[in-house]
Amino acid sequence: MPKQRIDKIFSNLGLLSRSECSRAAKYGHIAVNGEVCKASDAKADPNVDVITYKGQQIDTRSLVYYMFNKPAGCITANEDKYSATIFDYIKDTRTNLSAVGRLDKDTTGILLITNDGDMNHKLLAPRYHVPKTYEALINGRLLESDIKFFERGVDIGDEKPTLPAKCKVLKENEDGTSLAELVIYEGRFHQVKRMFEAIGKPVIKLHRRNFGPLELDESLEEGKYRELTKEELEKIKNCFA
Ligand code: URA
């Protein structure tokens with residue numbers, strides 16, 4: 001890759017705007033291969049040169065893809081006055097990262113986080129019908145008629161009923177609650193909770209196990225994240241092939 005201006009490198013990575021970069025350079029906060037750059041029009045090759053900001057090497061890969069195991073209690077937002085957000089868990093200083101869709105504050109499980117805006121947009125686009133698999137602890141027993149009801153699409157008070165969804169029982173607990181698996185092909189606001197509300201069996205706990213072709217890595221503890229493997233990335237890109 002040819003050399004690029006360092007202010008372009010920082011702004012493309014979502015780390016610093018051009019004016020912030022110029023200021024940082026003046027303060028001597030930026031170095032290339034150990035040499036302090038005092039001007040933001042200095043050039044570097046992000047694939048070859050070691051670029052540091054305030055002594056820390058910056059990660060010059062432009063697109064990153066993370067799988068996050070969202071814990072309950074944090075909200076899917078960039079910032080919030082009152083609650084922890086998912087970005088309190090992600091130790092990546094890029095400012096252009098976003099979650100792919102959202103999970104409610106009390107929902108746990110797989111959430112993709114990326115700065116690939118194009119992929120993010122496609123994964124959420126209704127026309128691709130990317131499946132999402134949830135495990136819901138519900139109050140009550142799931143009947144065959146409930147499963148059929150979900151298969152036809154459910155009126156949850158929106159303009160249109162939901163797309164047909166697949167549901168099955170995973171476990172029936174002695175206390176009268178049940179663990180159900182629900183696969184939906186859209187991502188409407190509180191969709192899973194509203195679907196179970198529609199059959200009078202409210203969700204007590206909700207966990208997302210799969211997003212499209214990806215399954216939550218069981219070794220990823222709640223609150224932890226990792227990059228997608230090459231294979232996972234390929235699989236997710238194949239959703240739109
Ligand atoms: N549906 C919900 O009701 N909540 C979520 O967090 C995700 C899907």
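The following exercises, each with a worked solution, concern the structure shown above.

The model is predicted: local features need pLDDT of at least 70, side-chain atom pairs count only at pLDDT 80 or more, and totals for chains, interfaces and linings use all residues. Residues are numbered from 1 along each chain as its sequence is written, and side-chain values use heavy atoms, with hydrogens and water left out.

**Exercise 1. Strand 7**

Task: Determine with which residues of strand 9 and strand 15 Tyr 66 and Phe 68 are matched.

Solution.
Step 1. Helices (H or I, at least four residues) and strands (E, at least two) are DSSP runs, numbered from the N terminus. Two strands pair if DSSP finds at least two bridges between them.
Step 2. Strand 7 pairs with strand 9 in the antiparallel sense over six bridges. Opposite Tyr 66 stands Ile 113 of strand 9.
Step 3. With strand 15, strand 7 pairs in the antiparallel sense over three bridges. Here Phe 68 has Tyr 225 as its bridge partner.

Task: Is strand 7 enclosed or open to its surroundings?

Solution.
Step 1. A residue is buried under 20% relative accessible area, exposed over 50%, and partly exposed in between (1.4 Å probe, protein chains only).
Step 2. Tyr 65, Met 67 and Asn 69 point one way from the strand, while Tyr 66, Phe 68 and Lys 70 point the other way.
Step 3. Six of the six residues are buried, so strand 7 is largely enclosed by the rest of the structure.

**Exercise 2. Helix 6**

Task: Explain why the buried residues of helix 6 line one face.

Solution.
Step 1. The buried residues in helix 6 (residues 230-238) are Glu 232, Leu 233 and Ile 236.
Step 2. Viewed down the helix axis, they fall within an arc of 100°, so they line one face of helix 6. The arc is that of the directions from the helix axis to the C-beta atoms.
Step 3. On the other side of helix 6, Lys 230, Glu 231, Glu 234 and Asn 238 are exposed.
Step 4. The elements against which the buried residues pack include strand 7 (65-70), strand 9 (108-114) and helix 3 (117-124).

**Exercise 3. The largest nonpolar core**

Task: Identify which residues touch the most other members of the largest nonpolar core.

Solution.
Step 1. A nonpolar core is a set of buried Ala, Val, Leu, Ile, Met, Phe, Trp, Tyr and Cys residues joined through side-chain atoms within 4.5 Å.
Step 2. The largest one has 31 residues, of which Ile 113, Leu 182 and Phe 196 touch the most other members.
Step 3. Apart from this core lies another, of 16 residues, including Tyr 65 and Ile 110.
Step 4. Ile 113 is in contact (heavy atoms within 4.5 Å) with Tyr 66, Phe 68 and Ile 86, among others, when neighbours within four places in sequence are left aside.

**Exercise 4. Helix 5 and the ligand**

Task: State which residues of helix 5 are buried and which atoms of Val 192 and Lys 193 lie by the ligand.

Solution.
Step 1. Gln 191, Val 192, Met 195 and Phe 196 are the buried residues of helix 5. Their arc of only 130° around the axis puts them on the same side of helix 5.
Step 2. The residues surrounding the ligand (a heavy atom within 4 Å of it) include Thr 107, Tyr 134, Val 192 and Lys 193.
Step 3. A backbone N or O atom of Val 192 lies 3.1 Å from a nitrogen atom of the ligand. For Lys 193, a backbone N or O atom lies 3.0 Å from a ligand oxygen atom.
Step 4. Thr 107 places a polar side-chain atom 2.8 Å from an oxygen atom of the ligand.

Notes. A polar contact is a pair of N or O atoms within 3.5 Å; within protein, one must be able to donate a hydrogen and the other to accept it, and residues adjacent in sequence count only if both atoms are side-chain atoms.
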